Amino acid sequence: MELSVARFSCVLLSVLAGLASGLEITSTGQTSIEKASGQSVKLDCQFTLSPEDSGPLDIEWSLLSSDNQKEDKVVILYSGDRAYEDYYEPMKGRVHFNAADPKNGDASINLTGLKSSDSGTYQCKVKKAPGIRSRKMLLIVMVKPSKPRCYPEGPSQEGKDIVLRCISSEGTQPLQYTWEKTSDTKLLPATAVLDPVGGTINVKNASASASGTYRCTSSNRVGTEECILHLNVTPPPNTAGIIAGAIIAVLLILIIIAIILFCCCRARHRKKYEKEICNEIREDVPPPKSRVSTARSFTVGSQRSSLGSMSPSNLHEYALKPQYDKIPSSEEFDRPPSHAPLPPPNAAKMAGPNLSRMGAIPVMVPAQNRDGSIV
């Protein structure tokens, strides 16, 4: 409330001071300006002085706050024959006086690289005591539409409803969308329903004739952008063929799985059977025969061990046994006992003493049973 009263008092004093001085602002241009972001704008403020205005010249441009509880933001100043162009940080380097020397009657400013945040009401205040004059202008910085994105929604098949959508992610509202067909007859389908605000076109019960190239244009008061969409309406798929193919594929998979399981079970059963055969003991196989080498080694060892136990009294009896005079050969050892060779009937018997005088060595040969085993 106090700020409102103070602002009203300043305006009243300005009017009273203007009546008593010759200071006048002569600009009569438009007070509302619309520009696109990125562009430049000139805010005009021309003035004239009179001999009665003898005080120092001060020029002040400010951005008025829309909230009465907040202070206005000074954008640029001219005071003491000097310009202060970097006074407002958000516009630093983007705001300049139009004239090199504003005291010659041109207090206009130029804004470059406009942003949407630059929108607002600007006030030009010229003071040269005792006169004070001001002028207000509304600047609206609009953002041109961004390049829209075009795409279809739903399946692009005959007999279906196809929705073509066009959207600009940026742009000052209101945005308007228009659709047109640029191929074939250049006419939209007869069943198409347009939505210029939402940016959609709904093609109901689409047919093959709806195929082609479409262009969508997004626009507002400061610019336009467009996008291209290629639509291809295809016949509906063969549902029966797809179902039959799916069934066949499932059956093939099941058959392959069954074959793999059968092979695995068969291999496992065969492995188990071979293991049982290897572990089986056959009872009808006779035990292996004794090796001749064992018998021979035993015989030689027995001969050597028995030499020391022989005496002249039993040497004679030992020599009388002709069947033990020599070590049997391998053929004789393997021969069955029933076919063992008999000593010659007329073989001359030699006494033990005679054998000793002839240099013979007594040998003891172990006896064998009928199956060839050594006793």
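Select E180 first: in this predicted model, E180 counts as partly exposed, at 34% relative accessibility. Now add R215, whose relative accessibility of 24% also places R215 in the partly exposed class. The two residues form a salt bridge, and their closest N and O atoms are 2.7 Å apart. E180 belongs to strand β14 (residues 176-181) and R215 to strand β17 (residues 212-220), so this pair ties together parts that lie 35 residues apart in sequence.

**The sheet around this pair**

Keep β14 and β17 selected and add β18. These 3 strands make an open sheet in the order β14-β17-β18, with antiparallel pairing. The edges are held by β14 and β18 (223-231); each has a single partner strand, so one side of each has no neighbour in the sheet. From one strand to the next the twist averages 20 degrees.

Look next at where β17 and β18 run alongside one another. Their antiparallel pairing extends over 9 bridges. One place to check is N220, whose bridge partner in β18 is G223.

**A hairpin**

Move to residues 192-195, which are strand β15, and to residues 200-203, which are strand β16. These two strands pair in the antiparallel sense over 4 bridges. Select V193 and find N202 of β16 standing opposite. The hairpin has 4 residues between its strands, and G199 takes a positive phi near 80 degrees.

**Two more salt bridges**

How many salt bridges does the structure hold? There are 7, including the E180 to R215 pair already visited.

For another, select E153 and R165. Their side chains meet in a salt bridge of 2.8 Å, N to O. E153 sits in strand β12 (residues 149-153) and R165 in strand β13 (residues 162-167), 12 residues apart. E153 is partly exposed, with a relative accessible area of 31%, and R165 is partly exposed at 23%.

Then select R133 and E24. Here the closest N and O atoms of the salt bridge are 3.4 Å apart. R133 lies in strand β11 (residues 131-142) and E24 in strand β1 (residues 24-25), so the pair ties together parts 109 residues apart in sequence. Is R133 buried or exposed? R133 is buried, with a relative accessible area of 17%, while E24 is partly exposed at 36%. Side chains of opposite charge can pair when their charged atoms come close.

**The nonpolar cores**

Hide the charged residues and select L43, W61, L111, Y122 and V126. These have the most contacts inside the largest nonpolar core, which has 28 residues. To see where the core comes from, colour β3 (41-43), β5 (57-64), β6 (73-79), β8 (95-97), β9 (109-111), β10 (120-128) and β11, each of which supplies at least two of its residues. The largest share, 4 residues, comes from β5.

Zoom in on L43. Apart from neighbours within four places in sequence, L43 is in contact with I33, W61, S108, I109, L111, Y122 and M137.

For the last stop, select L175, L229, L231 and V233. They are included in a second, separate core of 17 residues. In soluble globular proteins, nonpolar side chains tend to be buried together.

How values were computed
Residues are numbered from 1 along each chain as its sequence is written. This is a predicted model: local features need pLDDT of at least 70, side-chain atom pairs count only at pLDDT 80 or more; totals for chains, interfaces and linings use all residues. Side-chain values use heavy atoms; hydrogens and water are left out. A salt bridge is a side-chain nitrogen of Lys or Arg within 4 Å of a carboxyl oxygen of Asp or Glu. Buried means under 20% relative accessible area, exposed over 50%, partly exposed in between (1.4 Å probe, protein chains only). Two strands pair if DSSP finds at least two bridges between them. Axes are lines fitted to C-alpha atoms, for helices over the stretch in contact, and angles run from 0 to 180 degrees between N-to-C directions. A nonpolar core is a set of buried Ala, Val, Leu, Ile, Met, Phe, Trp, Tyr and Cys residues joined through side-chain atoms within 4.5 Å. Contact means heavy atoms within 4.5 Å.
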